[in-house]
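Visitor: I would like a close look at a single part of this model, the place where the two chains meet. Please take me through that part in one connected account, and then set it against the rest of the structure.

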Amino acid sequence: MKHTISVLVENEFGVLSRISGLFSGRGFNIESLSVAPTMEADLSRMTLVTRGDDRILEQITKQLNKLISTIKVVDFTHGEYIERELALIKVSTDAESRAEALRIVDIFRAKVIDVTPKSYTIEITGSPAKINGILELLRPMGIKEVVRSGPVVIGRGAKGVVA
Amino acid sequence: MELTGSQILLESLKLEGVDTIFGYPGGAVINIYDDLYESPINHVLTRHEQAAVHAADGYARCTGKVGVVVATSGPGATNTVTGIATAYMDSIPMVIICGQVPTPLIGNDAFQEADMCGITRPCTKHNYLVKDIRDLARTIKEAFYIARTGRPGPVLIDLPKDIQVTKHKFSYPDKVSLRGYKPTYSGNSRQIEKAAKMILAARKPVLYVGGGITLAAAEDELLKLAEQTQIPVTTTLMAMAAFPQRHPLALGMLGMHGTFYANMSVTECDLLIAVGSRFDDRVTGRIDSFAEKAKIIHVDVDPTSIGKNVDVDLPIVGDLKDVLGKLLGILSQKSELVEDSVESTEEWRTMIYEWKERHPMTYRSSKSVIKPQYVIEKISEMTDEDAIITTEVGQHQMWAAQFFTFRQPRTFLTSGGLGTMGFGLPSALGAQVAFPDRQVIDISGDGSFQMNSQELATLVQYQLPVKIAILNNNYLGMVRQWQQMFFEKRYSQTVMELPIDFIKLAEAYGATGLQATKVDEVEATIKQALETPGPVLMNFKVSREENVLPMVPAGKAIHEMVLAS
Ligand SMILES: Cc1ncc(C[n+]2csc(CCOP(=O)(O)OP(=O)(O)O)c2C)c(N)n1
Ligand SMILES: [Mg+2]
C-alpha cells in the first residue's frame, strides 16, 4: 500500500543522507521525496512517498523517529489530507496539434510557460492523479520531457504539523 | 578562558568523567596528542585502530561507562569502522573522535581524507562533523549523552584539524537540548499491569533475556522476578553472564547452538517474556515456528526492536530497570496470586527438568585428545567462575557460552551481533585496563587470534596480565563445521595450512607462551598461566574436527536440533 509521510527534520548538514540511507540500507523503497526549509529556518519538511505492508510501514516510521535529527513523523495515509504536485511538461506541437494542446491545458487549468515553433512547455499543479491525467492526454502528441516535483501534502483542518 | 579546540576536547572529556582513552596518533590528531602529553587522561596506544575501538568497547562492556577512542583521519579513521560496527550491533556506548582534514580542504580528496560521517552513518547511533569551533563543546556533550542514553551505541565526532587549533572561550553546557531525541524510560503502567496479569495467568512461562538487561543494569530485577515467580530464564549469547548459570531456573542459551531444554521450553511455552532481546535470526531459527504456542510480551527501550521480527501481544517500551521494577512492585502486592501461579507452573518446571535430564548440555569426553569443551570447563572451574571472559568468533566462542558457568554480570564480552573475529584480544585488553586486578581471559581460536595478534605488544607494553587461551584446531572451525555438515566436507579455504608456533610468537613480543597437547597437561597449563604475572598465551591443541552441538540447521525451527550423541 502507498503511504505519504511528512517528516520534520533538523535543517542541518547530512540529514538527507540519513533519511535516504535509512531507506536504502533497509531495503525500503522511496517513490518520491521532496525537501525544503520551513518557516523556522532550522527545520526542514520532507514529504516522502513509500510503499509497504503494515509491518514495513511500522518499521519505517519507527526508524525515522529513531534518527536523532528527526523531530516529527506523520503518516498521512489514514487521515484527511491535501496532496499537490508540480509538473513541467515539454510536449511536441505543430500547426495541427497546437489548438488541441491549448484546449487540454485549459481544461486542466494548466499554463503554457514556454513556446517554440515545435513545442510547448506546460506547467501544472494538482494531485498526482490529475498530472497523470494530463500526461495521458498529451502523450499522443509526443512528450519530450517531464519533470515532476513529487507530491507535498498538508493535513485538512485548522491544526498544523509543528515541532 | 580561551582554549584551543583540542584543549576543549580534553577538558570536555574530563568533565564527562573520562579517565582512559584508546587510540593511535597521526597528522590530523597531532594537536590532540600534543595536549594529551600533559593531560591527566590516561591514553592506551594499541597497535591498530580497530583494536583501539574493540579495547574501548571491552572497557565499556565491563564497566558500563562510555568507551572513548581517538584516531587520525583517512586510514586511521577507516580502520575504526569494523570496531564501530561491532559496538553498534551490540549497542555499546562509545564516543569515537577522528581527526579530519582542515575544513577548507574537505571534499577535495585531500591527503588522508575520508568521509567518515558518510562511511559510518549506518553503523553509528549518530555522528557529527564539527565545522565551527563554537559547536565543539556542545557536540561533545551531545555525543556522550546520545551514546549512553536510550538504547546505547557508538557516536562518532569528526574533528577537522583547523578546528583543533582554533581558540574559543570554553564553557561546557550542563544540559543537552535535542528536540528529536527523547528516549522513553518510563514504561506504561497500564501495560505493565497487563503484563503482571498475563504472567499470573500463564501455565508455561519463559523469560527470554538479551543483552539489553545488562545495558540497563537490571540484572538484580531480573533475578528477583525469576525467583519470585519461579519462571525459567533462557539467555541469549549477549546475556549469558546476566543471570547466574548455576541457578536452578537457568536454562542456558537458546537458538542455533542453544540447549535442548531452552529451545524446547521456548517451543512449548504459553507465555514468552522477551526482555531486552531482539528476536535475532540466530535465536529464532525459522521465525514462524518460534514460540508458536505462546503469547509474547516484549519489553525494550527501543521501539524499533518491538514487532520487527515477530508479532507481539503486549509491547512495553521503556527502560528495563524501570519496567521490571514496576512489575516487581505489582507482583509483590499480589503475593497470594503469585503463590498460586508458582504452584500451577510446577508441572511446567518438572517438564523442563526432564528435558534437561534427558539432554543435558554435554559432549563426549576423551582421554586421548584435548576436547575444547573440556578446556573451557577447566578454565571456568579454576577461575572460580569469576574471570572476565572475552571471545573471538567461531566454535570456541560458542563453547565458551555453553561450558563456562557465568555467575556475574559483565563478565562475558563477546561480539554477538556482528560476529567479529579479532574482537577478543583487544576487548580483553580494554577490560584489563578497566580492572587491573581482575582475571581477564580471551578464549580464542587460531584463526581469529591472528586478526589482532599485534595487540600482544600492547599487553606487554602496559603489562596487562591478560591470559589468552587459543583452542587451536588449525581450522577456521566454525566454517569447517558448516562445510562438513552441509557441503560434503569440502573444506574450501578453512584449513590453516601453516601451523604457527604461537609460543615463539608470544615470546617475540615479550609475553609468555605455553602449550598443551595432551589431556593431562590442560590443568597444569591453566594453573601456570594463572600464576604467571603478565600476559600469557596458552596454545591448546584440541581435537580438530569437534563440532558445536546442539545445532539448529539454517532454516529449521529451533526444536529441530542436531544433538550431541
Ligand atoms: C572478520 C571476520 N571474518 C570472517 C568471519 C567468518 N567466520 C566466522 S567463524 C570463522 C572461523 C573462525 O576460526 P577460529 O578463530 O580458528 O575459531 P574456531 O571456529 O576454529 O574455534 C570465520 C572465518 C567472521 N566472523 N569475522
Ligand atoms: Mg580454529
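Guide: A good place to begin is a single pair of side chains, those of Lys66(A) and Asp302(B), which meet in a salt bridge with an N to O distance of 2.7 Å. The model is a predicted one, and every value that follows is computed from it. The bridge between Lys66(A) and Asp302(B) belongs to an interface across which 4 salt bridges are found, while the structure holds 38 over all chains. Another salt bridge joins the side chains of Asp42(A) and Arg179(B), with 3.2 Å from N to O. This pair, too, crosses between chains, and it runs from loop to loop: Asp42(A) sits between β2 (30-37) and β3 (43-51) of chain A, and Arg179(B) sits between β8 (167-169) and α9 (189-201) of chain B.

Widening the view from these pairs to the contact as a whole, chain B contributes 21 residues and chain A contributes 22. The size of an interface is often given as the accessible area lost when the parts come together. Here chain B and chain A bury about 1700 Å² between them, and 48% of that area lies on carbon and sulfur atoms. On the side of chain B, Arg121(B), Arg179(B) and Thr304(B) supply 40% of the area that this chain buries against chain A, more than any other three residues. Arg179(B) thus appears twice in this account, as a partner of Asp42(A) in a salt bridge and as one of the three residues in that leading group.

Polar contacts can be counted as well, and between chain B and chain A there are 11 residue pairs in polar contact, with both residues of each pair at pLDDT 80 or more. Among the elements of chain B, strand β6 (residues 126-129) gives the most to the side that touches chain A, with 3 residues. Sorted by class, that side of chain B has 7 nonpolar, 6 polar and 8 charged residues.

As for the partner, chain A has 4 helices and 9 strands, and from the N terminus on its elements run β-α-β-β-α-β-β-α-β-β-α-β-β. Its C-alpha atoms fill a box of roughly 55 × 30 × 30 Å, taken along the principal axes.

For a comparison with the interface, one may turn to the surroundings of ligand 1, where there are 17 residues, the closest being Gln395(B), Gly419(B), Gly447(B), Ser448(B) and Gly477(B). By class, this shell has 7 nonpolar, 9 polar and 1 charged residues. An oxygen atom of ligand 1 lies 2.8 Å from a backbone N or O atom of Gln395(B), an oxygen atom of the ligand lies 3.1 Å from a polar side-chain atom of Asp446(B), and for a backbone N or O atom of Met478(B) the distance to a ligand oxygen is 2.9 Å. Taken alone, ligand 1 exposes 580 Å², of which the protein buries 77%. Two or more residues of the shell come from each of α18 (395-403), α20 (446-449) and α22 (477-486) of chain B.

Some backbone details of chain B complete the picture. Asn474(B), in the loop between β18 (467-472) and α22, has a positive phi of about 55° although it is not a glycine.

Technical notes:
Residues are numbered from 1 along each chain as its sequence is written. Chains are lettered from A and ligands numbered from 1 in the order in which they are written. This is a predicted model: local features need pLDDT of at least 70, side-chain atom pairs count only at pLDDT 80 or more; totals for chains, interfaces and linings use all residues. Side-chain values use heavy atoms; hydrogens and water are left out. A residue is near a molecule or strand if one of its heavy atoms lies within 4 Å of it. A polar contact is a pair of N or O atoms within 3.5 Å; within protein, one must be able to donate a hydrogen and the other to accept it, and residues adjacent in sequence count only if both atoms are side-chain atoms. Accessible areas come from the Shrake-Rupley method with a 1.4 Å probe; for residues, only the protein chains shown count as cover. Ala, Val, Leu, Ile, Met, Phe, Trp, Tyr, Cys and Pro count as nonpolar, Asp, Glu, Lys and Arg as charged, and the others, Gly among them, as polar. Contact means heavy atoms within 4.5 Å. Buried area is the accessible area (1.4 Å probe) that two parts lose on being put together, summed over both.
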